[in-house]
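Colleague: I'm new to this one and keep stumbling over the labels. Could you walk me through why things are called what they are?

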Amino acid sequence: MKLLSELAVAATLAAMLSSPASAATCNENACTRQLTGVVSSGGLTSGEPLKGAQVSVYVATGYRPVLLARTTTNRLGEFTVRLPKPQAASETRFAVASDGNIELMTVMSAGDRPRLRINEMTTVASAYAMAQFFDGKRISGKSLPLQVAASMFRNLAAPESGGVSNVLRRSPNADETNARRLMATLSNVLAGCVRKGARGNCAALFSATGGSKTTLEAIITIARNPANRVREIFALASRETPFQPALLVSQGPDAPNKLMRLDAFTVAVKVNRTSASDGPETCPFGGTGNLVFDHRGYAWITNNVVQGTPGSANCFAVLKPDGKPADGANGTPKSPLSGGGVLGQGFGITQDPSGNIWAGNFGWGGVNPIGSVSKFSPDGKAMSPKAGFVSTLNRVQGTTSDQDGNIWIASYYGNAVQVFPAGDPSTDYPPYADSNTKPFYIVVDDAGAAYVSYTGTSKLSKLTYSRSGLRKVFTRPLGSDSNPKGIGLDTEGNVWATAGAESKIYAYDPDGKLIGAFSGGGITGPWGLAVDSHDNVWVANFGPSKQLDFKYRLSRLCGVNTAHCPDGLGTGDAISPETGYTLPSGGDQVLLANGEPLYAPETEPCFKPFMRSTATQVDMTGNVWVTNNWKPSGLNDLTKNPGGDGMVIFVGLAAPVKPGIGQPKAP
């Protein structure tokens, strides 16, 4: 039935666009919208028009895209079509310009202006933002994930000008990271095939991308396999250079300064504003600890300290799916949030089945109370008392909801796991304690069983809930004195756990049988991890004890579903390079959201936009969000201002994950 309905939609649209009578009957201006554009190689100032290119405009759907219009560019690369007005603000459209093996693309949303440019930059942005939604060269997917991906497209490229986005032009990106220059470099890689005098170079591009047939296929291949043939592809960027500023040789794969070295073609956007209101930040990021996505794709992010001090923060942030602060529109929260006992949040944050958010308070700096949990409504209103829900808690870390709304809490210094049955903190439910100490994180599988990591005894326990109390199913070792913290579940119910002191990841099946202990891919001092819907394992690295020369990174391992790994790799093998996926410096020092240097009031510059990380989570479009938890310099750790700055979002890297409770599922 779905296929028939979409075919019917396509037929109706085609009839409306081609029939002269439809304009007279319908009043064309009320039913349709004129779209004008230019197809070029290069942008506004460096554009070389593509004459005679076929432009096809589609609306993306859950099954396959529906063609809305098709035309051909004139000698100036210009085109005009009339399109049906979007049926909803949630509609995502895209346009592909084709001329033989030259294929360029852009993404459109209902609110975009009716003028656009299709060029190499918009093609790169499309390939990365929509990397997980391509079926061949066309986009399909559910409405909300496509909207989220389209918003990330606008974080990369400006659809009207075909240049790099304002987000990447400005701090905390600009030349604080390499993202702006990397986007230009990748665009130049394509330009070396697209421009009239350079089409003889296409064979080299297609060979370097595994036998791609078109420029669009080539850049999709790069986005999905960013660590492949980096030197070979980077060399192609010097043949045509209409996009500037691009990466210099001193910022390429052989750069002598490793903080500026290109390790892979990963595109990452850094965000560091928490306030939806104009003016100074009232709650700047100070050590992002962990995050959870709600059903709309909004990221609720814990905040450790007051930026610039070691003292506990009493507020936290909510970001839209594109990384902008939530503004309170349409029943959404307005960032930042405070009240309800929020104080020095740590690693625990969860969403219950009703959409409420629960976050654990560790309380930094010797403050009281010694531990609590805060509860917020989906629109950001505090639902817990002024001190939070205290119960018998002592310095809370992991905080997790199960499918019945029971809230599981790791009482870190209390050496116990506390549960609020059905989210009711007044219930006299016995805490669970045994010989294991310092419970840190908790995850719940599809059957409602919980796994708990214990940093004090380097153990992993599986617990089940009953009305009379928690029951232990088994306990398993996580190395020896390995300081385990983060854990995650894959689609088959296997549990993966970090062992920070060993720089390893352990995996056990649901019956407690060891699958293996794994390393590689840049894993160094791992803290948190997440598993995507293809079972790839993503690891946030806090780094080694000596931080000075360390380049922070995100690691990726092949999971149990090896069909979604590169050929020849098995479970636990590294997919990311030995450096991990990094965010190199673009040459400028890192600035806070207020424009001051990272270590202000100290004057020492920092050139590490990606910092010590504690957590990573995958959103509904496959963007991988990583916390900048602690500043790179160890001199700040205890007495000055340890809290890191913002979030790093790697665009389109992972298989999308639907927000919710239990094992990862595709949206």
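Colleague: Why is Lys472 called partly exposed?

Modeller: This is a predicted model, and in it Lys472 has 33% relative accessibility. Buried would need under 20% and exposed over 50%, so 33% puts Lys472 in between, as partly exposed.

Colleague: What makes Asp434 and Lys472 a salt bridge?

Modeller: Their closest N and O atoms are 3.2 Å apart. The cut-off is 4 Å between a Lys or Arg side-chain nitrogen and an Asp or Glu carboxyl oxygen, so the pair qualifies. As for where they sit, Asp434 is in the loop between strand 23 (416-420) and strand 24 (439-444), while Lys472 belongs to strand 27 (residues 471-477). That's 38 residues apart, so the pair links distant parts of the chain. Asp434 is partly exposed too, because its relative accessible area is 26%.

Colleague: How many salt bridges are there by that rule?

Modeller: The count is 16. Another is the one between Glu232 and Arg229, at 2.9 Å from N to O. Glu232, at 35% relative accessibility, is partly exposed, and so is Arg229 at 41%.

Colleague: Which residue does Arg231 pair with in a salt bridge?

Modeller: With Asp254, and the closest N and O atoms are 2.8 Å apart. Arg231 is in helix 10 (residues 230-236), Asp254 in the loop between helix 10 and strand 13 (268-271), and 23 residues separate the two. Both Arg231 and Asp254 are exposed.

Colleague: Let's turn to helices. What makes helix 4 oblique to helix 5?

Modeller: Helix 4 (residues 120-129) and helix 5 (residues 143-156) pack at about 140 degrees, with axes 9 Å apart. Roughly antiparallel takes an angle over 145 and roughly perpendicular runs from 65 to 115. About 140 fits neither, so helix 4 counts as oblique to helix 5. The crossing is right-handed.

Colleague: Which residues of helix 4 and helix 5 meet?

Modeller: From helix 4 you have Thr122, Ala125, Ser126, Tyr128 and Ala129, and from helix 5 Ala149, Met152, Phe153 and Leu156. By class, this contact has 7 nonpolar residues, 2 polar and no charged.

Colleague: And why is helix 4 called oblique to helix 9?

Modeller: Their axes cross at roughly 45 degrees and come within 9 Å. Roughly parallel needs an angle under 35, and roughly perpendicular starts at 65, so roughly 45 degrees lands on oblique. This crossing of helix 4 and helix 9 is right-handed. In the contact, Thr123, Val124, Ala127 and Tyr128 of helix 4 touch Leu216, Ile219, Ile220, Ile222 and Ala223 of helix 9. That contact divides into 8 nonpolar residues, 1 polar and no charged.

Colleague: How do you know that helix 9 is mostly covered?

Modeller: Buried means under 20% relative accessible area, and 7 of the 10 residues in helix 9 (residues 215-224) are buried, so "mostly covered" is what we say. The buried ones are Thr215, Leu216, Ala218, Ile219, Ile220, Ile222 and Ala223.

Colleague: What covers the buried residues of helix 9?

Modeller: The cover includes helix 4, helix 7 (179-194), helix 8 (202-208) and helix 10, along with strand 7 (102-109) and strand 9 (134-135).

Technical notes. Residues are numbered from 1 along each chain as its sequence is written. This is a predicted model: local features need pLDDT of at least 70, side-chain atom pairs count only at pLDDT 80 or more; totals for chains, interfaces and linings use all residues. Side-chain values use heavy atoms; hydrogens and water are left out. Buried means under 20% relative accessible area, exposed over 50%, partly exposed in between (1.4 Å probe, protein chains only). Helices (H or I, at least four residues) and strands (E, at least two) are DSSP runs, numbered from the N terminus. Axes are lines fitted to C-alpha atoms, for helices over the stretch in contact, and angles run from 0 to 180 degrees between N-to-C directions. A crossing is left-handed if the near helix is turned anticlockwise from the far one by less than a right angle, and right-handed if clockwise. Contact means heavy atoms within 4.5 Å. Ala, Val, Leu, Ile, Met, Phe, Trp, Tyr, Cys and Pro count as nonpolar, Asp, Glu, Lys and Arg as charged, and the others, Gly among them, as polar.
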